[in-house]
Amino acid sequence: MAVPLLDPKLLATLGTIQLRARAVVEGLLSGLHRSPHQGQSVEFAEHKEYAPGDELRHIDWKAYGKLDRYYVKQFEHETNLRAFLVLDASASMGYRGPDEGLSKLEYATVLAAALAYLLVRQQDAVGLVIAQGEDLHYLPPRAHVGHFPAVLSILEKVEPRGTTDLGRAVDFVAEKVRRRAAIFVLSDLFDFRPQAVARITDLRRMKNDVSIFHVLDPWELEFPFEDATRFVGLEGEGEIEVDPREIRASYLREMEKLRENARALSLQADVTYELARTDAPMDRLLLRHLSQRERSA
Amino acid sequence: MSVSFAHPWLAWGALLALLPILIHLLQRRRPRPHPFAALELVLRSQRENVRRIRLKRLLLLLARTALLLFVPLAIARPQFAAPAAASATAEGPAAIAIVLDASLSMRWGGGSVFENARKDARRVLADRLAEEPVTVVVCDGRPREIEPPSFDRGRARRTIDEAEAGYLEADLTACVQAAAQALAESPLPAKRIFVATDLAASGWRLDAPPPTVRTEEGEVQPEVVVLDAARGEAMPNLAITELRVEPAPELGARGRAITFTVQNFGDEEVRDRVAELFVGEELVAKTFVDVPAGGAATKRLLHRFPTGGIYVGAVRLSPDALPEDDERTFVAHVPRDLRVLVANGAPSPVRYRDEAFFVETALRSGGASPIEARTVDADHLARQPLDPFDALLLLNVRAPDRALAERIADFVRGGGGLFFALGDQVDADAYNEVFGDLLPLALHVPKTVGKEGSEEGGALFSTFDFDHPILGIFSGPALEGLSTVRTRRYFLLRPGEGARVLATFDDGAPALVEKEIGSGRVMLFASTVDRDWSDWAIQPSFLPAMRQMTSYLARTLDERRAASVVLGERVDLAWSDEAPPTAILDPEGRELEHAVAEGGVQLVAERPGIHRARVGDGATQPFFTAHVSPRESDTRRLERSELQALLGGAKAQVAEAPTDGRRKSAPLWSLLLAVGLLTFFAEGLLQRK
């Protein structure tokens, strides 16, 4: 893939958030992914020079004896959160509008990598499901830091193919999730079979924390075509010649209906829904999403 | 019916209509492909709109084709041309005169007939070729200077637009002939006259020759096209054609009979038409009128006026399609009560021998007289105050003393009237001495021309001044009662100046003379007003003459002149006051042009109704009433064949609407342009949908 995963600018932005507002990012991520078994154990993380207000019981007396300075032990919570990133890599996700930019799949993989990075950084177990019609590729969740390169390695190799089959992907994930988990679905939701989108919300009934990133290209959202065009389906639907101006109003109504259906089903099932435009800054999308999760927690 | 083009080569531009079709065919190549993920949504939208899209595409193709077809065609100025089979006019450009009838009858139907005529005139003007000069003649009864034909279409159109149907009578025969004369100014050999009129027969002189145009080749007959503004419909009309206001003695001195004639100019009998008599704005009498078809009916309405004075009034019919002749106004002069002092110079216990008997009887008789006569013996005259009286009659009175004579002279100079009747009590020298200039002419000597008691002999009245208000009523058959008066003895009068001789005896001697002194008037009869010297007192003319004379002396006779004039006619109206009126106002209060002539004014009234005169002090008083010409009320129409024959037979044509023989065409370009514009906007609208 030409576009590097985890764009340095994006990572730098996210990193800035961690560095500048640790309380917000770490605490937020911690709060958002609060484990149902919170407080079972903590692990020592690092020392910090004592400052007024720190708890005296956390002073490392051994270090004082060696260095003649007061250091305070800092601990990190140990988590057992399991997260699944479900990436729709069907052929329709390969669409890129005439303007230069990321295809939907490229955008979704970057977004998935960013999420994986954030999760791994807070030591959550991250799993990956690549859905490509009949084919499903699965990387089981792991919590250690060395798992992240494995995730990146798979994402980098993903190519769009096959049809969108949300039901099959949901069934697969449901099978793999044995206990409560966070599930992130990244898809254009172009599965027009009845109840296809509703199947995603079934995962929420299994007590999982479900988020849908509805990835769409601005040309799909706005349909700004002017000249007569022969549209060719990416998943074998055939082709059609139309004057886009003649059907624009009707198309926009259909698109709005699609989005509104997904949004309504998500709201109804307490599933977080995010529209991910491929021309929108990803950091803002993530921050908005995390903020939304914090509010709903 | 065929289509012709003013600019045929521009019609080739219609081939542009092929462009949309060509573009459509060229665009049938496959558009470039575009892989698209949301194809399902595109398919759904296409299915939802497929019928609308097809219809829109079809309409767009039609609109574009129509736009590119109609606009070039419109620029080529096409027109439908009808065959000119029914035309009597020739092809080719001609000098054109448009005669627009603007007479009263054109106001029929609330002005709809005139508006038809105006439309016809506009259409004739619009249909002219660029090389055809045009003149417009508005025939409304007013004298107009007719301009030669010109190419100034704007001026011709303004003349048509500004024309209004008036109240006057128009002579269409004269107008057409005047138009023909105007056409002589154009060098074009063809001459054509269009006449937009209602075909009312009253507007044409049927005995006149057809119009001719004097050209270098001699007199030629122009083509005449008469456009029937009434569109072949009859124009029934009911009109008041005559109205008289006369004394009605049965109602007393101030009773008046208003007699009016209603004529029916329609083909159907009119029944129970309401006629109302108004005095001022008060309805005082009402009647119903039945008028046979083409006939007339006369009605008489009575009204007693409460006091003397000048009254204005009107008789009004319930209005029909031409309301201007459904009302006739009048000015009624109701004389005020007069007080007359009669000085009896030869009283007698026997009434018929009494000097004043016949005069008293004449002034009081009938009960309808507004004259109150008081008789005193001449001897008691000196004790009588004169101011309460309007006139003093001295009947065979001896010459009074100077004091009384002076009082009488003052009375006359102050506006009183004085009448001398002579007799055996009169001494010529004494009269001349005492009355002096008060006498119209000095007395000379009595002259006897017949024997007393004899029925034969005696002088007859010979010459009369019928222009005088007193004698004006005796013109015609009524003269007999005056011309048979026999006078056996009368005073000869000395020649003099300042007197007006109203009547003479057959020997030329003045019989009745008049003189104005100061503000008063003096009259003298050279004989007696009893039967001593003359038998006038027992002649039928005596009573009206005495009453006229008394009223004249008291200056109430002038007020009785209630002129009624016909609109459009130049008339001379008498004006008795010394100072002429400062202005004459028409019924709408606008000043009417008039010329002051000796003893009156000369004017032409143009609006029906009461006209008022403004006198020196700024006050106005009713002066005369004007009414429309009964000829214009006659809306019976000429047969087309009659009119065609009148205007030159085969050279004339009568049509209900402008159907110019040469240009029986309907312009099509404006319609095409309108359709082109519509399709242009429709195309834009479709594009946005």
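A helix axis here is a line fitted to the C-alpha atoms over the stretch in contact, and the angle between two axes is taken between their N-to-C directions. Keep that in mind for the helix stops on this tour. The model is predicted.

**Stop 1: two helices in chain B**

Select residues 357-364 of chain B, which form helix α6. Add residues 542-553 of chain B, helix α10. The two pack at an angle of about 75°, and their axes are 9 Å apart. Angles of 65 to 115 degrees count as roughly perpendicular, so α6(B) and α10(B) are roughly perpendicular to each other.

Now show the side chains at the contact. From α6(B), pick F358(B), V359(B), A362(B) and L363(B). From α10(B), pick F542(B), L543(B), M546(B), R547(B) and T550(B). What classes of residue make up the contact of α6(B) with α10(B)? Seven are nonpolar, one is polar and one is charged.

**Stop 2: a sheet in chain B**

Stay in chain B. Find the open sheet of three strands, in the order β10-β11-β14. The pairing is antiparallel. Select β10 (238-247) and β14 (296-304) of chain B: they stand at the edges. Each has a single partner strand, so one side of each is left without a neighbour in the sheet. Look at the twist as well. Neighbouring strands of this sheet are turned by 20° against each other on average, ignoring direction.

Next, select residues 255-264 of chain B, strand β11. How many bridges join β11 to β14(B)? There are nine, and the two strands run antiparallel. For one facing pair, pick F260(B) and then K299(B) in β14(B), which stands opposite.

**Stop 3: where the chains meet**

Colour the two chains separately. Their contact takes 25 residues from chain A and 20 residues from chain B. On the chain A side, select β8 (229-233), β9 (239-242) and α9 (244-269). Each of these supplies at least two residues to the side that touches chain B. Which element gives the largest share of that side? It is α9(A), with six residues. By class, the side of chain A that touches chain B has 12 nonpolar, four polar and nine charged residues.

Zoom in on β8(A). Then add residues 33-36 of chain B, strand β2. In which sense do β8(A) and β2 of chain B pair? They pair in the parallel sense, over four bridges. Click R230(A): its bridge partner in β2(B) is P33(B).

**Stop 4: two helices in chain A**

Keep α9(A) on screen. Add residues 196-205 of chain A, helix α7. The pair packs at an angle of about 20°, with axes 10 Å apart. Angles under 35 degrees count as roughly parallel, so α7(A) is roughly parallel to α9(A). The crossing of α7(A) and α9(A) is right-handed.

Pick out the contact. V197(A), A198(A), T201(A) and R204(A) come from α7(A). N261(A), A262(A), L265(A), S266(A) and A269(A) come from α9(A). These residues divide into five nonpolar, three polar and one charged.

**Stop 5: a single residue**

Finish on A196(A), which lies in helix α7 of chain A. Is A196(A) buried, exposed or partly exposed? A residue needs 20 or more C-beta neighbours within 10 Å to be buried, and 12 or fewer make it exposed. A196(A) has 19 inside 10 Å, so it counts as partly exposed.

Now select D165(A), 31 residues from A196(A) along the chain. The C-alpha atoms of A196(A) and D165(A) are separated by 7.8 Å. Leaving out residues up to four places away in sequence, A196(A) touches L166(A), G167(A) and D191(A).

Notes: Residues are numbered from 1 along each chain as its sequence is written. Chains are lettered from A and ligands numbered from 1 in the order in which they are written. This is a predicted model: local features need pLDDT of at least 70, side-chain atom pairs count only at pLDDT 80 or more; totals for chains, interfaces and linings use all residues. Axes are lines fitted to C-alpha atoms, for helices over the stretch in contact, and angles run from 0 to 180 degrees between N-to-C directions. Angles under 35 degrees count as roughly parallel, over 145 as roughly antiparallel, 65 to 115 as roughly perpendicular and the rest as oblique. Two residues are in contact if their C-beta atoms, placed from the backbone, lie within 7 Å. Ala, Val, Leu, Ile, Met, Phe, Trp, Tyr, Cys and Pro count as nonpolar, Asp, Glu, Lys and Arg as charged, and the others, Gly among them, as polar. Two strands pair if DSSP finds at least two bridges between them. A crossing is left-handed if the near helix is turned anticlockwise from the far one by less than a right angle, and right-handed if clockwise.
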